Amino acid sequence: MRIAYPYKTSHAENSLGQSNQFGVYPINRYNTWHGGLHIEGTNEICAIADGRIIAYRIPETYIEETLEDKKSLYSNGFMLIQHDYESKNKLQYRFYSLYHHIMSKEEMIANNKVPDFYGKPIYTIKAKQHIKGLNARASDDYSDVVTVIPKGHTVTIDTHYNKAENDKSHWRHKPKYKEYVKVSYHDEIACKTVKDIYIHKGYATLKDSTYTIKVEDDTNTKSESGASIYDGVSAKRVFQRIIKTGEQIEVEKTEGSWYKLKGKQEYVHKRDISFTNEIKDDVEFDKIINCDVPVTAGTIIAHTGKYGVEKQPNYRASHIEIFSHQNPNDLLTDAKNDGEKQKHYFKVKQGARLKKNLKFSTSLKKKTPVKVLEVKGEYSQIEVQDVVRTSKRSYLTNYKEEDHKSYEILDTHFDTVNDSFDGFINKGDKLYFVKQLDGDNRKLRYEFPDSGETFWIKTDAIKQPQAVTQGISSLTPRSFLIDGIDLDTGNTTTAPAPVLVVPAIDTIVPLHQDVSEYYLEQPIEDTEEDTVKKEQIIAIRKAKNITDPDKKKWHHILCTDAEGEKSGWIEETNSKLEKISAFDWTIFGFEALEAGNEFVYSVKDIMEAKETAPFIDTVWSKVDENQDKILDHNEWRNAYKRMEVVSKFSKLVCKHKNEWAYTADEIKSEIEQFFDMGIKLEEDDEKKQILEDKKQARLNAVEQRLKNLCFWKDIKDGEIAKPKEVKPKKKRWSLLPDDFLAPEPEKETHSKPRKFSSNPNVWHFHPIAFVEHMKLLVTKEDIDLRPLMTFIPQSKGPSCNATCRKILKQMDLTPYGSDNTMQLGYEKKDGIEMILGATEKAVNYIDKVLEYGHPVMVGVDHTFEYRKFGVINEGTTDHYVLIVGRKYESGKQFYIYWDVGTKRGASTEWKFEHRGDRLIADKTYKNPPKSFTVTQVRKNIGHDYK
């Protein structure tokens, strides 16, 4: 099941009703029940989920209401949709969405706002173009244009010249006209052949003895005017014909800025067409129609209509509500345990303490080589490097090829070798082979325990004497301090202290002093901790995570409470941090309540009420800011303006009689009490009578409006008979007579039955809150991990694979090597041969990784037998990129990726589309253009993402 907002918006978190003039959930003004939410203003109204329209009423015109000579218009049009949700673990829940007060037919037609869903599109030619192409001239007069040959059409060279043409005085032999050639042209539009004409060779392409016209520079003003029709939409399209202005066409589909004509390989540009939508012939008006019409989430089914009231006659809104006859407890409490393996959220409990900085002990010695990655004032980010020196093979022992070509040091020569490595080595440490030199000499590498690790230290520790701040330019990363470079001055005489300066970014320098502590992330102000004052729920993917030297996982939390923004680190096993699933709605604040049966709720001491309705007490308790059990005027007045309060209201799932099932008598009797209360307070008899008259007029208006609006009793239960479709009998290939053949089996249908109970006591959901939460369960929610990382382009440095790994390291991630990949396909001469089912498995894995808050490295293929670096990566993967997000656009699923192969790898939004059995990026940084197909996924080590 797909889920969508009831109107066109990318995010509706600020649309819970806090800014509404009228129509809030669940209690309206005057303490009246209101089971839905108004979408105010001019808006398109969309189906909130896949389902079926089971009833509708579209008014021809708006209904007019007059009170004290003031006229207002309102709509009694509605659409009612049935939805059947089923979870992976087979929890079934049927609910309905209602869209009331929709636009009238008259206004839809007048403003060209008929939804495509029940519209009949009319495409009319509005262009007044003539045939365009290249002028073809007569043989006897250069100024005389015989015809205009359209772009893409061909002409044949005419090698036969008459006597006059051979005359050297003829105009075509003059220098100015030597680019002209004599041709003949068969005009398929006019069904005739034109001979003895001349065209300019510069505006046509020659192949064999045929020229193809390549321009549209000239116009045939004598031709019929209308829209130009072509055989395609590319730059090489060929003109076919003109369709006259005012004619209507049938469109098969849209391709970019072009319409394809129905049943033909012909195209017309959208700018040449006027489009209007008429309403289909089978749509009925001004009455309730029970039907069964499938609809998909996000489909525009209506527009907001007028719902004028006495004081605001021009008020425009549609009432949206979601209700169910089914008790919601199983849904709200995850009765089928769908969330057991889908815990994608953190609950940060009240009192959780968030560390501002993660500081750890270390013992990096002075002169340890480091690469400077970033400098931020008092702190700098560095990467610990290896040391490469020369030693004798005879000082070493126990060579192991399988252990990356490692050596151990003979005890008798340990001090000698250690001295050459500046005393960095400890007994038992290994050295690694780099290169064989002359004789017994070997170039060797020593790896510190922290080699390759990046962290933040005090900037003072990397400052250098001014003479060496440029680093060691001849070295490659992690191969440092070559023999012969003396980092000590060696000068024993008294001299001025050297000036220490901060080295440049990307230089490799020795530490200026010992380092005893470091930070995994850039340190911030000295505040030790933030304390969370109120329980918070955040998506795990939005919390950056790192693993400390003790293998403990930490998550960076950003949240807001009454004191403002709180942020910091919390360890994963902390009792104040809990992984939760969105399938348990109650953790997110949803609760089911009995909301009584009153339309107007009683309040103690008002209208002689002896007590306040229990439901009102419950709702008021959520508004009582100081919890003194006294709701003052300001608290109630401001309640619906406060996001925190409206959010609480939106999570109440209330059982109450549906307001569209009331009779006029039921509501009139309750509303009448309000009028009587005001009349009773009036002491003047004459004014009392005026109020009595007004009361009756308003009660009459309420009665009439209710009769026009309510529909419940008219909705039918069960299937709706459809006209039997007569299909032509298919020919069955057999030599036997039909009587001897078994009947063909009927196709199975898995659709849920059309159902609607007459019981009006239903459970109501706040429509926006319901959609927001259902999106967490059934929709692949948009994910963007880019803010959690810093993009690094490959440039001329390491490979794309190594660069992707470097970015992944920012997220404390390491991908598997080539020995553990998810292979999606192999390249063949005629394209990529995809492995059956591999892309589906890969997409499932990518989704889980993204939902956990991690990026993933993938390989792509763009050129057959691309062998720039030899036959590697199964001979198929040409390049590596990082998938860093997911988004849903126009019914298509896309995966956002960073391309390290270009400096524009993050500034441009590159996307793979999930298309059939593959992930394809049509637009890439390659020039000439090349598409990318994902052929390999590198899983992240140490994470199963279950």
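Colleague: Happy to look at this with you! Which residues of α10 are buried?

Modeller: This is a predicted model, and burial here means under 20% relative accessible area. In α10, the residues that meet this cut-off are P767, I768, A769, F770, V771, H773, M774, K775 and L777.

Colleague: Nice. How many of the twelve residues of α10 are buried?

Modeller: Helix α10 is mostly covered. Out of its twelve residues, the buried ones number nine.

Colleague: And what span should helix α10 have?

Modeller: Helix α10 covers residues 767-778, which makes twelve residues. The rise is 1.5 Å a residue, and the expected span takes one less than the number of residues. The end C-alpha atoms are 16 Å apart, which agrees with the expected 16 Å.

Colleague: L777 caught my eye. Which residues line the largest cavity?

Modeller: The cavity in question has a volume of about 50 Å³. By class, its lining has six nonpolar, one polar and three charged residues. L777, which is buried in α10, is one of the lining residues. The full lining is Y85, S87, L91, D330, L331, D334, D338, F583, W585 and L777.

Colleague: Let's turn to the sheet. Which are the edge strands in the order β45-β29-β49?

Modeller: This open sheet has three strands with antiparallel pairing, and the twist averages 30 degrees from one strand to the next. An edge strand pairs on one side only, which holds for β45 (536-539) and β49 (577-580).

Colleague: Last one, my friend: which residue in β45 stands opposite V348?

Modeller: Strand β29 spans residues 345-348, and four bridges join it to β45 in an antiparallel run. Opposite V348 in β45 stands Q536.

Methods:
Residues are numbered from 1 along each chain as its sequence is written. This is a predicted model: local features need pLDDT of at least 70, side-chain atom pairs count only at pLDDT 80 or more; totals for chains, interfaces and linings use all residues. Side-chain values use heavy atoms; hydrogens and water are left out. On a 1 Å grid over the protein atoms alone, a cavity is a set of points where a 1.4 Å probe fits but cannot get out, and a pocket is an open set with protein on both sides within 12 Å along at least five of seven lines; lining residues have an atom within 4 Å of a point. Grid points are joined across faces, edges and corners, and a volume is the space filled by probe spheres set on the points. Ala, Val, Leu, Ile, Met, Phe, Trp, Tyr, Cys and Pro count as nonpolar, Asp, Glu, Lys and Arg as charged, and the others, Gly among them, as polar. Two strands pair if DSSP finds at least two bridges between them. Helices (H or I, at least four residues) and strands (E, at least two) are DSSP runs, numbered from the N terminus. Axes are lines fitted to C-alpha atoms, for helices over the stretch in contact, and angles run from 0 to 180 degrees between N-to-C directions. Buried means under 20% relative accessible area, exposed over 50%, partly exposed in between (1.4 Å probe, protein chains only).
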